[in-house]
Amino acid sequence: MTVRDSATGDDIIIHSFAGEDWKAIKDAWRIDGTLPERPAPSSPAQVSRGPGRTVASFDYRQADGEIAFRIDRVEPGRNGRRKDFKVSHPAGPGRWAAGLNGFAPLPYRLPDLIASDPYEPVFIVEGEKKADALAALDLLATCNPFGAGKWRADFAPYFEGRRVFILPDNDPPGRAHADDVARQLAASAATVARIDLPGLPDKGDILDWLAAGGSAEALLDLCAAQPAVKPLALPIVCPADWEGREPPVREWLIEGWLARGSAAFLTGDGGVGKSLFTQQLATSLAAGVDCLGLPVAQTVALYVTCEDDMHELHRRQAAINARLGLSMRDLAGRLFLVSLKGELGSELVNFDAAGALELSQRYRDLESTARAIGAGFVAIDNVAQTFTGNENVRNQVAGFCNVMDRLAMAIGGTVLFLGHPSKAGAEFSGSTGWEAHVRQRLYLDWLDKGAGVSGDRDGRVLRRSKANYARAGAELDFRWHAGAFVLPSSLPSDAGFDDEAAAQTELEERTFLRCLAIRTGQKRPVSHSQNAANFAPKVFAKMPEGRRVGGTALAAAMERLMRTGLVERATADDPLWRGEDRKPVLGLRERQPE
């Protein structure tokens, strides 16, 4: 395992390569004295954790009144966030330790709920502060820990036979959370009603309503006016309810290309630049600048990659910023990058032995992080690292796509997840479930289908291969230049770009042939196979003649030369030469004109 100091210096971070639970390790070390216990805070205001301080603490108590765990609200949060939440549990007299310590989450103010009159109405809100505000008005109120979307099915027995009123925050995630709670309580509660408080501002809540003059009496009157009906297990809607109402306008991040509240699937050949395109797209959305000529709706963007480390993301971001005319400071609080390269447990869903889908802890961390930073765009790079199911099993593919839509609806934005095409030439691999269960599918391709090898190496085309909300088939042409993608019209007219590219191509191919000739003259064969110890580009990049060109460019040169027939592979019938044992020696050689 590795052990290092946390960023704040008041804790340690443990990573176990054997897959052991880091919380259990720390608990064991505290028990045997290796780590000191953390002192319990005498008051929330005295505690400072990380960049902010604890401004409120909420104790979740068991049925007998004993504290099971505590949630602290910390302001400001880390990495530019407005707030963070920390969970801890009692670890002995006057001592606290991080985590739940095996306690399952409980409804907030549970002893009050258990002790109340069974005919008293119960109010469910989003957040402990709101529950406390209602309790101060002598109303019975509760919530679940860890925010919207975290209501648990095992809370249902506490609401058996109760009249339940849910007060959602006035935004899509809040209403979705309220509807989810209502569905989960349908079988146990006597009645469940969602109360949309009148006059709330966008993202407003019960606290805003009370501050504007609302009272306990007025709230009870609103509830009394709500028909007392047994909730239905399915969220049905009758079209008659829409009579006289205009349909909501579809919201876009990029009109015709990326709709809000829906996931999109981006595929393309390896090396075509999907990751670069996605990071550049996220930057454009964060900064509110056109993406390759397409107007965007500005939003907070989160890009999560399992394939590149932070150094690569930094280099890529510098090139993107240079192209878009941005500084790193321009993206403060707007663009966030996450690298999971080398991390274990990057999967977002798991499937049990019966094939049932389960959300992973990584998914829950992703959703809570996206909510905390207010992300309206989340990019996940890529499917191979985050989907652990069988891509040839349709229901598993469908389940993963549904989870991507779930995340998009939870943030009220768009989720873009990346994948690879099939070896057979299709735009996606595995089951046709990828095509059937996404409403938006994009394909990034080489402008020259020769993979940029036989001709244009830098041209790209983005195709709108499937678009349920717009006309499919639209295309956008652009080019790679200086580490970022640009429109052809944006290239400097006096830079001699095409001549420069052609000259660079010629240099790379000439260098490859020069190195090949030297090795052949020395009777030291090289191979076209990346797995071979004598892989030609790797060998040539170490030679004095090839160092300035580099292995990546030499690999591209080899592919071009082999496709055009200027370099070929020797065969047993026509070897490079025969060894002293008369066995044929195989490898690459320059093809001589006939």
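The following dialogue reads selected features of a predicted model.

Trainee: Where should a reading of this predicted model begin, and how many helices and strands does the chain have?

Mentor: An overall inventory is a suitable start. The chain has 15 helices and 29 strands. Of its 594 residues, 45% are buried. Among contacts with a separation of 6 or more, 60% are made by residues 24 or more positions apart.

Trainee: How is a single helix to be read, taking H11 as the case, and what length does H11 reach?

Mentor: One compares the span with the value expected at 1.5 Å a residue. Helix H11 covers residues 394-411, which is 18 residues, and its first and last C-alpha atoms are 26 Å apart, close to the expected 26 Å.

Trainee: Is H11 mostly covered or mostly uncovered?

Mentor: H11 is mostly covered, with 13 of its 18 residues buried. Just after this helix comes Gly-412, whose phi is positive, at about 65°.

Trainee: Which quantities describe two packed helices?

Mentor: Two quantities serve: the angle between the axes and the distance between them. In this model, helix H9 (residues 361-373) packs with H11 at an angle of about 25°, and the axes are 10 Å apart. Angles under 35 degrees count as roughly parallel, and H9 is therefore roughly parallel to H11. The contact draws on Tyr-363, Leu-366, Glu-367, Ala-370 and Arg-371 from H9, and on Val-403, Arg-406, Leu-407, Ala-410 and Ile-411 from H11.

Trainee: What is the handedness of the crossing in which H9 passes H11?

Mentor: The crossing of H9 and H11 is right-handed.

Trainee: How many salt bridges does the count come to?

Mentor: A salt bridge requires a side-chain nitrogen of Lys or Arg within 4 Å of a carboxyl oxygen of Asp or Glu. The count comes to 21 salt bridges. One of them joins the side chains of Arg-109 and Asp-132, with an N to O distance of 2.8 Å. This pair links distant parts of the chain, 23 residues apart: Arg-109 is in the loop between strand S8 (95-98) and helix H2 (110-115), and Asp-132 is in helix H3 (residues 128-135).

Trainee: Why do Arg-109 and Asp-132 count as partly exposed?

Mentor: Partly exposed denotes the range between the buried limit of 20% and the exposed limit of 50%. Arg-109 counts as partly exposed because its relative accessibility is 25%, and Asp-132 counts as partly exposed because its value is 25%.

Trainee: Are Lys-130 and Asp-169 buried or exposed?

Mentor: Lys-130 and Asp-169 meet through their side chains in a salt bridge of 2.9 Å, N to O. Lys-130 belongs to helix H3, whereas Asp-169 lies in the loop between strand S11 (163-166) and helix H4 (172-184), so that this pair too links distant parts of the chain, with their positions 39 residues apart. Both residues are buried.

Trainee: Which residues do salt bridges with shared partners join into one network?

Mentor: Asp-59, Arg-61 and Arg-70 are joined into one network in this way. Within it, the side chains of Asp-59 and Arg-61 meet at 3.9 Å, N to O. Arg-61 has 34% relative accessibility and therefore counts as partly exposed.

Trainee: Which residues does a cis peptide bond join, such as the one with omega of about -10°?

Mentor: One should look at omega and then locate the bond in the chain. The bond with omega of about -10° joins Glu-75 and Pro-76, and Pro-76 lies in the loop between strand S6 (67-75) and strand S7 (84-90). Another cis bond, with omega about 15°, joins Asp-381 and Asn-382. Asn-382 is placed in the loop between strand S20 (375-381) and helix H10 (383-386).

Trainee: Where does Asp-138 lie, and what is its phi?

Mentor: Asp-138 lies in the loop between H3 and strand S10 (140-142). Its phi is near 65°, a positive value in a residue other than glycine. Asp-138 counts as exposed because its relative accessibility is 68%. Lys-523 also has a positive phi, near 55°, and is found in the loop between helix H13 (497-521) and helix H14 (536-541). At 55% relative accessibility, Lys-523 counts as exposed.

Trainee: Which residues is Arg-316 in contact with, leaving aside neighbours within four places in sequence?

Mentor: Arg-316 lies in helix H8 (residues 310-324) and counts as buried because its relative accessibility is 9%. With those neighbours set aside, Arg-316 contacts Ser-275, Leu-276, Gln-279, Tyr-303 and Asp-308. The C-alpha atoms of Arg-316 and Ser-275 are 9.6 Å apart in space, while the two residues are 41 residues apart in sequence.

Methods. Residues are numbered from 1 along each chain as its sequence is written. This is a predicted model: local features need pLDDT of at least 70, side-chain atom pairs count only at pLDDT 80 or more; totals for chains, interfaces and linings use all residues. Side-chain values use heavy atoms; hydrogens and water are left out. Helices (H or I, at least four residues) and strands (E, at least two) are DSSP runs, numbered from the N terminus. The expected span of a helix is 1.5 Å times one less than its number of residues. Buried means under 20% relative accessible area, exposed over 50%, partly exposed in between (1.4 Å probe, protein chains only). Axes are lines fitted to C-alpha atoms, for helices over the stretch in contact, and angles run from 0 to 180 degrees between N-to-C directions. Angles under 35 degrees count as roughly parallel, over 145 as roughly antiparallel, 65 to 115 as roughly perpendicular and the rest as oblique. A crossing is left-handed if the near helix is turned anticlockwise from the far one by less than a right angle, and right-handed if clockwise. Contact means heavy atoms within 4.5 Å.
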